Amino acid sequence: MALTEIEYGALASSEVMNNNFQYLDNRISSVAENLVSANAGTSSNIASINSTISSMSEEINSNLEDINSEIEDITSNLCEAGLLYVETYQNGASWYKEYFSDSEKNTRVWLEQGGVCYSNGSVTYLKAFSDLNYTLVLGTHCVNYEGGGISGKSTTQFSHHNGKGWGYDVEWYACGK
């Protein structure tokens, strides 16, 4: 059944009017059914999206907890290794680098220092070592460096001598606790 057009000013029979009303009622019902169906599909999609977002949110929160736990482990390991809290100092050729396991820098886990020892002489460390169990290395740019060495070593200093009595500088590096 189709909508019958009634010309302006013409009289329409009750049958034509009833058919037109029936046609319009059917069209309104059809559009309403389509809207309800579309709304149900949209609601279903929204529920599905909400479920997915909720699931992803739980997974993200779980991953964040894992990441935070790993960061705490890494931070703890860095602290224990003395790599998180470092103090450095340099003045001319003399320098040191201390590694601590705590932010207050009370517990030193490693010390490195270096500088230049002038010819036959002694060096007092910028920072004392905790014991004699540290490494001390000497080096020079002199081609004819012979017979020199460490003539004394303590936790606070070392002495250097060269066997030939030549005057040249020796670079040094020490590391330990």
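In which helix is the place of Asp66? In this predicted model, Asp66 lies in helix H1, which covers residues 14-81. The secondary structure of the protein amounts to one helix and eight strands, and their order along the sequence is α-β-β-β-β-β-β-β-β. Of the 177 residues in the protein, 19% are buried.

Two surface patches involve residues of the helix. Glu65, Asp66, Glu70, Glu72 and Asp73 together form a negative patch on the surface. Within this group, Asp66 has a relative accessibility of 43% and therefore counts as partly exposed, since the term buried is kept for values under 20% and exposed for values over 50%. A nonpolar surface patch is also present, made by Leu3, Ile6, Met17, Phe21, Leu24 and Ile28, with an area of about 540 Å². One of its members, Phe21, is likewise placed in helix H1.

The strand region opens with a hairpin. Strand S1 (residues 85-91) and strand S2 (residues 94-100) run antiparallel and are joined by seven bridges. Across this pairing, Gln90 faces Trp95 of S2. Two residues lie between the strands of the hairpin, and Gly92 adopts a positive phi near 65° there.

Phe100 belongs to strand S2. With a relative accessibility of 4%, Phe100 counts as buried, because this value falls under 20%. Phe100 and Leu83 are 17 residues apart along the chain, and their C-alpha atoms are separated by 7.0 Å.

Strand S2 also contributes to the ionic contacts of the model. Side chains of opposite charge can pair when their charged atoms come close. The structure holds two salt bridges. In one of them, Glu98 pairs with Arg108, and the closest N and O atoms are 3.0 Å apart. This contact links distant parts of the chain, since Glu98 is in strand S2 and Arg108 is in strand S3 (residues 108-118), at a separation of 10 residues. The two partners differ in their accessibility class: Glu98 has a relative accessible area of 5% and is therefore buried, whereas Arg108, at 23%, counts as partly exposed.

A salt bridge is also formed between Lys127 and Glu98, with the closest N and O atoms 3.4 Å apart. Here too the pair links distant parts of the chain: Lys127 is in the loop between strand S4 (121-124) and strand S5 (135-139), Glu98 is in strand S2, and 29 residues separate the two. Lys127 is partly exposed, its relative accessible area being 26%. Through shared partners, the salt bridges join Glu98, Arg108 and Lys127 into one network.

The loop between S2 and S3 contains Lys105. The phi of Lys105 is near 60°, a positive value in a residue other than glycine. Most residues other than glycine have a negative phi. Lys105 has a relative accessibility of 32% and so counts as partly exposed, as this value lies between the limits of 20% and 50%.

Further pairings were found for strand S7 (residues 157-161). Strand S4 and strand S7 run antiparallel and are joined by four bridges. In this pairing, Gly121 has His160 of S7 as its bridge partner. Strand S6 (residues 149-153) is joined to S7 by four bridges as well, and these two strands run antiparallel. Lys153 stands opposite Phe158 of S7. The connection from S6 to S7 is a hairpin of three residues. Strand S7 is thus paired with S4 and with S6.

Methods: Residues numbered from 1 in each chain as written. Predicted model: local features only at pLDDT ≥ 70, side-chain atom pairs only at ≥ 80, totals over all residues. Heavy atoms only, no water. Pairing = 2+ DSSP bridges. Patch = residues over 30% accessible without salt bridge, like charges linked within 9 Å, V, L, I, M, F, W, Y side chains within 5 Å. Areas by Shrake-Rupley, 256 points an atom, 1.4 Å probe, with all protein chains shown as cover. Salt bridge = Lys/Arg side-chain N within 4 Å of Asp/Glu carboxyl O. Lys, Arg positive; Asp, Glu negative; His and termini not counted. Charge placed at Lys NZ, Arg CZ, Asp CG, Glu CD. Buried < 20%, exposed > 50% of the residue type's maximum accessible area, 1.4 Å probe, protein only.
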